[in-house]
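Student: I have a chain open on my screen and would like to talk it through. Could we go step by step?
Tutor: Happy to, here it is.

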Amino acid sequence: MRILLMEDDPVLADIVTEHLRMEHEVDHAFDANDANTCMQTHRYDLYIFDINVPGQNGLSLLRERRGFHDTTPTIVVTAYEDTAHLTAGFDAGAHDYIKKPFALEELDARIENTRRLFGIDTDETVDLGGGRQYDTQTRTVRTAQGESETLSPKEAALLDYFLAHPHRTISTEELVQNLWDFDSLPSDATLRSHIRRLRELIGREKITTLRGVGYRYE
């Protein structure tokens, strides 16, 4: 999994980052500005946001991301004991929480639960059906006949996003906001071209167009 940790306590951040990097790819952000910079560059399987950080707090950042149709699973970290802050975390879009101080084993358990709950597959090869295989590391699709085609970075990003959100209507706006930078937004024709290319490689039936709404990966 690729994880973004936002934590302003340098000691705790170092401990958690070092621990998680034994099993995952981890980027650390000190505050919301750092986190936004990371999210403009990478896509993540999981966010771990401390509620109390300098400037924009973790809940405010999470609400902002949900407003941008970012559905990345999120665990919030809190030192508060009252239920009001926990309720606020869930209202902001978190799916789980962990209270300070916490054992690293508890964090591992919550991350593993997230992986199972959201179907985040850590294997390098994904079965696309119809005898097709997708290697997430090399961005290669192998057909039932043994032929291989390498996806462009943007095609791979689209396929990864569809795989992470199966059987769900995904609007064009959501795809653009999550997969393109603000200064390089694609035209409708460009997006349709990427989708058409994916259909040729993984099967036309895998991606359904919902006219005027978006797409659905089956």
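Student: Is Arg168 buried, partly exposed or exposed?
Tutor: Keep in mind that this is a predicted model. Arg168 has a relative accessible area of 27%. Buried would need under 20% and exposed over 50%, so Arg168 is partly exposed.

Student: Which residue does Arg168 meet in a salt bridge?
Tutor: Look for a carboxyl oxygen within 4 Å of a side-chain nitrogen of an Arg or Lys. For Arg168 the N to O distance is 2.7 Å. The partner counts as buried, at 4% relative accessibility. That partner is Glu174.

Student: Asp70 and Arg65 also form a salt bridge. What is the relative accessible area of Asp70?
Tutor: The N to O distance in this pair is 3.0 Å. Arg65 counts as buried, at 11% relative accessibility. Asp70 is buried as well, and its relative accessible area is 2%.

Student: How far apart are the closest N and O atoms of Arg216 and Glu218?
Tutor: Arg216 counts as partly exposed at 24% relative accessibility, and Glu218 counts as partly exposed at 34%. The two residues form a salt bridge, for which the cut-off is 4 Å. Their closest N and O atoms are 3.6 Å apart.

Student: Which residues are linked with Arg2 in a network of salt bridges?
Tutor: Here we go beyond a single pair. By the 4 Å rule, the chain has a count of 14 salt bridges. The network joins Arg2 with Glu25 and Asp27.

Student: How far apart do the centres of the positive and negative side chains lie?
Tutor: Begin with the two sets: there are 24 positive side chains and 39 negative ones. Each set has its own centre, and the distance between the two centres is 9 Å.

Student: Let's step back to the whole chain. What is its radius of gyration, and why does it count as compact as a globular protein of that length?
Tutor: The chain has eight helices and twelve strands. For 218 residues the globule rule gives 17 Å, and the chain comes close to that, so it is as compact as a globular protein of that length. The radius of gyration is 18 Å.

Student: How much of the chain is made up of buried residues?
Tutor: The C-alpha atoms fill a box of roughly 55 × 35 × 30 Å along the principal axes. The accessible surface comes to about 11,400 Å², with 48% belonging to carbon and sulfur atoms. Of the 218 residues, the buried share is 41%.

Conventions
Residues are numbered from 1 along each chain as its sequence is written. This is a predicted model: local features need pLDDT of at least 70, side-chain atom pairs count only at pLDDT 80 or more; totals for chains, interfaces and linings use all residues. Side-chain values use heavy atoms; hydrogens and water are left out. Helices (H or I, at least four residues) and strands (E, at least two) are DSSP runs, numbered from the N terminus. The radius of gyration is taken over C-alpha atoms; the globule rule is 2.2 Å times the number of residues to the power 0.38. Buried means under 20% relative accessible area, exposed over 50%, partly exposed in between (1.4 Å probe, protein chains only). Accessible areas come from the Shrake-Rupley method with a 1.4 Å probe; for residues, only the protein chains shown count as cover. Lys and Arg count as positive and Asp and Glu as negative; His and the chain ends are not counted. The place of a charge is taken as NZ of Lys, CZ of Arg, CG of Asp or CD of Glu.
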